[in-house]
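Reader: Please take me through one part of this model in close detail. I would like a single helix and whatever packs around it.

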Amino acid sequence: MTQLADAGPTLRTAPAKPTHPGRRLLDGVQAWLYISPAVLLVAALLYAPFVWTVYLSFTRYDGLGNPSWIGLKNYTTFFHDDVLWVTVSNTLMWVGGTIVLPVGLGLFVATVTYRSKRGSLLRLPFLIPYAISGAGVAVVWGFILQPHGALNDILSFLHLPGGHTSLLLYRPVNTIVMIVAATWQGVGVNALLFLVGLQSMPEAPLEAAKLDGASGWSMFRHIIWPLLRPLTAVVVGLSIVASLKTFDVVWVLTQGGPGRSSETLAVTMYRDTFVANEYGYGSAVAVLLTLIAAVASVTYLRTQLSSKRNVSW
Amino acid sequence: MRVRGRRSLLGAALAAALLVSAACSSSGGSANHGALSPKSKTGGETLKLYNDKGAWSDYFKQVGALAKQQIGSNLDPVGYTDENTYQAFIKASLRTKVKPDLFTWATGGQLKSLVDQGAVADTSKVWQDAIDKGYLTRQLEPYYTINGKQYCVPLNVAYWGMFYNKHVFDQYGLQPPKTWDDFQNILTTLRSHNVTPMYQTSTLFSFVWFEQLLAGSDPDTYNALATGKAKYTDKPVVDAMKMWAQEEKDGDFTDPSVKTQPQALLKSGAVAMVPFGTWFNTSMTGEGEKPGTDYGFFVIPNVNPSLAKTSMVFETGPLCALSSAPHLQDSISALSWWLTPDAQSKWAGSRDDVSANPKAPITDSTLAEVTKAAGSGQYNLINRYFEAAPPPVLTAALDAFSAFMVHPDSYMDQLNTIQKAADQYWASAN
């Protein structure tokens, strides 16, 4: 601190060189040239498609010819869609399920294994599925969940109920089993994130709590959990966004069916755009989904990471 | 400092210019696809044949090699396995420099939408020449005629009927049915021996049994649905759905969410029959099954015995050239060659399938008989629902039939849903 304080006046009293206006212009141009490749790439690959999507959402367009402007009709149609309640409730199930299962189990795995001598070995099986793509996970689980698939056979062999249940046919069972499939893949990365939080936790409050007699559940409940709150907020925030855009597992396993019964908002977006060839309507769903994801994540993170609730390390 | 600043400025400018030029020339990758080759070149080009039949790449390559020998143009297949991705690519190609020379598509509303954009090359002369030589029949012409002109040529034709496991049929003393009552007896017998009679799926092909029941009981109403002159809530349609609902409840079908391939189910005897088009023969022989020994094919009898002819669902898929194809002349020549007996013998023969060309031999004797009978007018050929229904109605119907399979008693709700989509479509179309 002393060194920094001593350096302060030196910096403040450094003589400012007079800058020639031409030099400033040259610096400005130079700066723009340096950042222009990045700006161009971001503008071309991120902003332009988004602006185009927003424009399309106000049009009728089947992918051929030119879009025709129809104002807010796509948005009003969306809110009057017969399956709106089904897709929204399925999406909410994904949000809730993703927070409870992959995040909850990730926290459990990290907490149980982070002080263990063979912790990395114990965590490894949870991490491996994360290396598989969502579509790959869905294909694997398709063999498990299909009629007379592995799960049916195991249940039948053990004389347990459900051996003849079609797990992907009926709502909401089909959505629940797909959340379980996604959990299989998602636990590992959440455990890894929580592990980083646990390993970077200060020792002092933990030692103090131990001296006060805290251990096991009381240690977790009153010391570890509050210290993990900022990280938990980020993990849950990421999970909310990821679950709102759930697509791959659902598309591969059920294509949102049967009869749109397992459709999520992201599947609706794809279906209306590329299956029904209603690019305008699909774009409107995409815009709404983006807004929902942005509002939900920003609101949640602001609430959770506000200075009053934040726990200082 | 000034020199270093100028060098930095120059370096930054060069880097930016390189990136911009790289970005602008991103379509240069298309040169690898032959899309940027000059149009003036004709003869000996390799023609990119984009298709939604990725599993048939080997068959396309075999025909391509023959094309190279006979007309000098090789056909290089670019296969997609996802229909939606494929269609999106073809539509996008109309606005970019990456264009197919030849591409597969669908007849009906989908072909019309491309033709309306002026995107498809006129093949009227190819058709007239082929009909004159006996390579095509007039019977096929309407499927490819829009506003009096022909577009594309038949990639394939298929007649829809029932593939059945001969071993299962033999085991229970069953014969291919002649009447609807015979067919009902088959279903009853199979159920009584705990054999699932028929395959069904809730994805894509959810329309199959609907079209079969309605075409077999009231083909006029079926055809009228395609033009908006009948409603999905009309009595013949409702009656067909009631019949289907009863069959679902009786256990005549597989679980619609089954993910095992139908050819594997039929081969193993897990299901006794699969109602599909003649192209399914390719899948069965691919499984190592022998037609006539391991499995057979029969035309499904009419539900309504008073109909003059047996209704048989028919489909034909087009092979098209873009009007802005990179090698348009070669593409048109290739389409003309595609219809010749040599090309069709290779194409249909390698897949054990039927051909659009009556002069091409058919290797499977059962399918040869069906094709001959169909060509002689013995059957009432019914346009497949997938091509007959307008695309927005089809999308709603596929979902509705899929939901119906899970909840058969909801047939009226599903028909109302389809009719709602039909009302919206015909209101905007008219």
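Author: What follows is a close look at one helix of chain B, then its surroundings, then two other sites.

The model is predicted. The helix is α5 of chain B, residues 124–133. Start with its inner side. B:V126, B:W127 and B:A130 are buried there. Where do these buried residues fall around the axis of α5(B)? They keep within an arc of 100 degrees, so they line one face of the helix. Now turn the helix over. The face away from the buried side carries B:K125 and B:D132, and these residues are exposed. Just after α5(B) comes B:G134. The phi of B:G134 is positive, near 80 degrees.

Next, the cover. What lies over the buried residues of α5(B) includes β5 (149–150), β6 (153–165) and α13 (328–338), which belong to chain B.

Of these, take β6(B). How many of its residues are buried? The count is 13 of 13, and the strand is mostly covered. β6(B) also has several strand partners. With β10 of chain B, residues 310–321, it pairs in the antiparallel sense over 6 bridges. In that pairing, B:A158 has B:E315 of β10(B) as its bridge partner. With β8 of chain B, residues 271–277, β6(B) forms 5 bridges, again antiparallel. Here B:G161 stands opposite B:F276 of β8(B). With β9 of chain B, residues 295–298, β6(B) pairs over 4 bridges, also in the antiparallel sense. B:Y164 has its bridge partner in β9(B), and that partner is B:G296.

Now the contact between the chains. Chain B gives 31 residues and chain A gives 28 residues. On the side of chain B that touches chain A, the elements giving two or more residues are α1 (2–24), α3 (83–93) and α17 (391–406) of chain B. The residues on this side of chain B divide into 18 nonpolar, 9 polar and 4 charged.

Last, one glycine in chain A. A:G197 sits in helix α8 of chain A, residues 173–199. Is A:G197 buried or exposed? It has 20 C-beta neighbours inside 10 Å, and therefore counts as buried. Beyond its neighbours within four places in sequence, A:G197 is in contact with A:L228 and A:L231. A:T232 lies 35 residues from A:G197 in sequence. In space, the two are 8.8 Å apart, C-alpha to C-alpha.

Terms used. Residues are numbered from 1 along each chain as its sequence is written. Chains are lettered from A and ligands numbered from 1 in the order in which they are written. This is a predicted model: local features need pLDDT of at least 70, side-chain atom pairs count only at pLDDT 80 or more; totals for chains, interfaces and linings use all residues. Two residues are in contact if their C-beta atoms, placed from the backbone, lie within 7 Å. Ala, Val, Leu, Ile, Met, Phe, Trp, Tyr, Cys and Pro count as nonpolar, Asp, Glu, Lys and Arg as charged, and the others, Gly among them, as polar. A residue is buried if 20 or more other C-beta atoms lie within 10 Å of its own, exposed if 12 or fewer, and partly exposed in between; C-beta atoms are placed from the backbone. The arc is that of the directions from the helix axis to the C-beta atoms. Two strands pair if DSSP finds at least two bridges between them.
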